[in-house]
Each structure stands twice: as structure tokens, then as C-alpha cells.
Amino acid sequence: DRGDAILRAEDLRVSYGEVVALRGLDFHVEDGEIVAIIGPNGAGKSTLADAVSGHVAYEGRVSYRGREVADESASDLVSQGLIHCTETRDLFGYMSVADNLDLGAYRHRDDVDERREFVYDLFPTLEDRADQNARTMSGGEQQMLAIGRALMSDPDLLLLDEPTLGLAPVILDDISDGIEQIRDAGVTVVLCEQNVTFAMDHADRVYLLENGRFEREGVPETLRGDEYIRDAYLGG
Ligand code: ATP
């Protein structure tokens, strides 16, 4: 392990009262990587994203650009480029697509027009629907809007929690293209995903989380050949 990881966790543990969600995780994410955290429902993927972005208390150590996450406020982390796109998307339903995007830029007012243009290039639907209320967008369009709004915050590290959840295959292609373009723009991505095939297609490295523990880690080519992963996650 190098010392310059953009994100590093050591013995990361999270409990909700009696429920132990994360049982001591070690991982690192290097600048420019796409790292996928895969695992079934309840494995702890959202908890990991919440801990790393400063939204949930943890034990152990988590550092973002060398600074302990617990010592920073969630909004300071946003200012420092750590942006969490949650599973529930957190859109403002009665506001327009354009206004939701602009809210993403509230901590970073420079170059807003360029970032909006990047988002509209990435997901042209959002430009076509700029005046539509967010709540009337389809599930896939809302996911694009949530990612678009996160990009308006000018992320260095983008945490995407289940971006494919509930989406039709045709929309997945759009999200796929979007993630590749986000990578090309130099953004580091942590992708929490139940859709293992999707995650493996994009990730440089993968951690398999089950019941709060990593059961496997490695590059997709290796994990695709792992018998357990094939049987349990890739349909044999
Ligand atoms: P999913 O894909 O279904 O969202 P996940 O992998 O993201 O699952 P988490 O949502 O992190 O998993 O949940 C991990 C465990 O922690 C589960 O057993 C869950 O019930 C529990 N948990 C999560 N949030 C809370 C909470 N606020 N209070 C109590 N238990 C919680």
C-alpha cells in the first residue's frame, strides 16, 4: 500500500446499537481509480459510504486525503471534494431539474456553467427536461439527475451508492457511459453496487462485502474466475 491514497480505511467498524454493520474493514482507493464495493442486501455497503462521507459515526480510522474523516464536518468534506450520491438520491422533488443541479454547486460557485455543460453532455435528457419537476422524472432520469447534481459539486472522490438500483437495462447503458466519462474527467469513484456484473465492468478493483466483512478483494479479471463469486454472484 502506498501512503498517498485519496481514501484509506483501517479497521473500520460501525454499529447501530446492537447491530454490527461493519466488522473491521481495511481498504484504500487511489487517485483516478474506480473501486467497487459489491455485496448483497444488508451487507453494509451503504454504511460504508455513510461512514466514509462523515454521515455515520465509526471506530477505527478513515482518512480522506490524509485527514481523519471524523475530525471534519460533512460539509467541510463536501468542500474538499468528497461527494456522496446516496441510494435514496435526496432530490428536491418539487424543484426543477435545473434548480436541483444548481443546488449541487452551492459550495462551489466557480465554473458552474462549465460543470453544468459537462452534466448536460453526459446526460442530454437533463437538458431536455431542465424545467421539469424532479419528482415527475422516471427512476432512471432521477438517477442521472442525482449523479449530475453530485458532479455539480466538483467532486475529487465520488461515492455512488447503488446507482443501478431498480433501473431498466437500457438506462443502465446511459449510466455506464456516464461513469466512464466521469472517470475520463479524472474523478475517483467508489461504486457501491449489488449489480456485480455492472460493477465488474467498470471497476479497477473490487471488494466483496458480506455481513460487514470483506470476503474477497482483487481485480475483476481474477474475481470473475473465482468459483464462489461465479456461483453466488455471476449466475454460475
Ligand atoms: P442494501 O443494498 O440493502 O441497502 P447495504 O449493503 O447497503 O444493503 P446497509 O444498509 O449498510 O447494507 O446495512 C447494513 C446492516 O446495518 C443491515 O443489517 C441494516 O439493517 C443495518 N442498519 C443500517 N442502518 C441502520 C440503522 N440506522 N439502524 C439500525 N440498523 C441499521
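## The ligand's surroundings

A residue counts as near the ligand if one of its heavy atoms lies within 4 Å of it. This model is predicted. The ligand has 13 residues around it. Of these, N41, G42, K45, S46 and T47 come nearest.

The shell around the ligand is mixed in character. Six of its residues are polar, four are nonpolar and three are charged. Helix 1, residues 45-52, supplies three residues, the largest share of the shell.

## Polar contacts with the ligand

Oxygen atoms of the ligand pair with the protein backbone at several residues. At G42, a backbone N or O atom lies 2.7 Å from a ligand oxygen. At K45, a backbone N or O atom is 2.8 Å from an oxygen atom of the ligand. A43 has a polar backbone atom 3.1 Å from a ligand oxygen.

How much of the ligand does the protein bury? Taken alone, the ligand exposes 630 Å². The protein buries 61% of that area.

## Helix 6 against helix 7

Helix 6 spans residues 139-152, and helix 7 spans residues 169-184. Their axes lie 10 Å apart. The two helices pack at an angle of about 10°. Angles under 35 degrees count as roughly parallel, so helix 6 and helix 7 are roughly parallel to each other.

Which residues meet in this packing? Helix 6 brings G140, Q143, M144, I147 and L151. Helix 7 brings I171, D174, I175 and I182. Six residues of this contact are nonpolar, two are polar and one is charged.

Conventions: Residues are numbered from 1 along each chain as its sequence is written. This is a predicted model: local features need pLDDT of at least 70, side-chain atom pairs count only at pLDDT 80 or more; totals for chains, interfaces and linings use all residues. Side-chain values use heavy atoms; hydrogens and water are left out. Axes are lines fitted to C-alpha atoms, for helices over the stretch in contact, and angles run from 0 to 180 degrees between N-to-C directions. Helices (H or I, at least four residues) and strands (E, at least two) are DSSP runs, numbered from the N terminus. Angles under 35 degrees count as roughly parallel, over 145 as roughly antiparallel, 65 to 115 as roughly perpendicular and the rest as oblique. Contact means heavy atoms within 4.5 Å. Ala, Val, Leu, Ile, Met, Phe, Trp, Tyr, Cys and Pro count as nonpolar, Asp, Glu, Lys and Arg as charged, and the others, Gly among them, as polar. A polar contact is a pair of N or O atoms within 3.5 Å; within protein, one must be able to donate a hydrogen and the other to accept it, and residues adjacent in sequence count only if both atoms are side-chain atoms. Accessible areas come from the Shrake-Rupley method with a 1.4 Å probe; for residues, only the protein chains shown count as cover.
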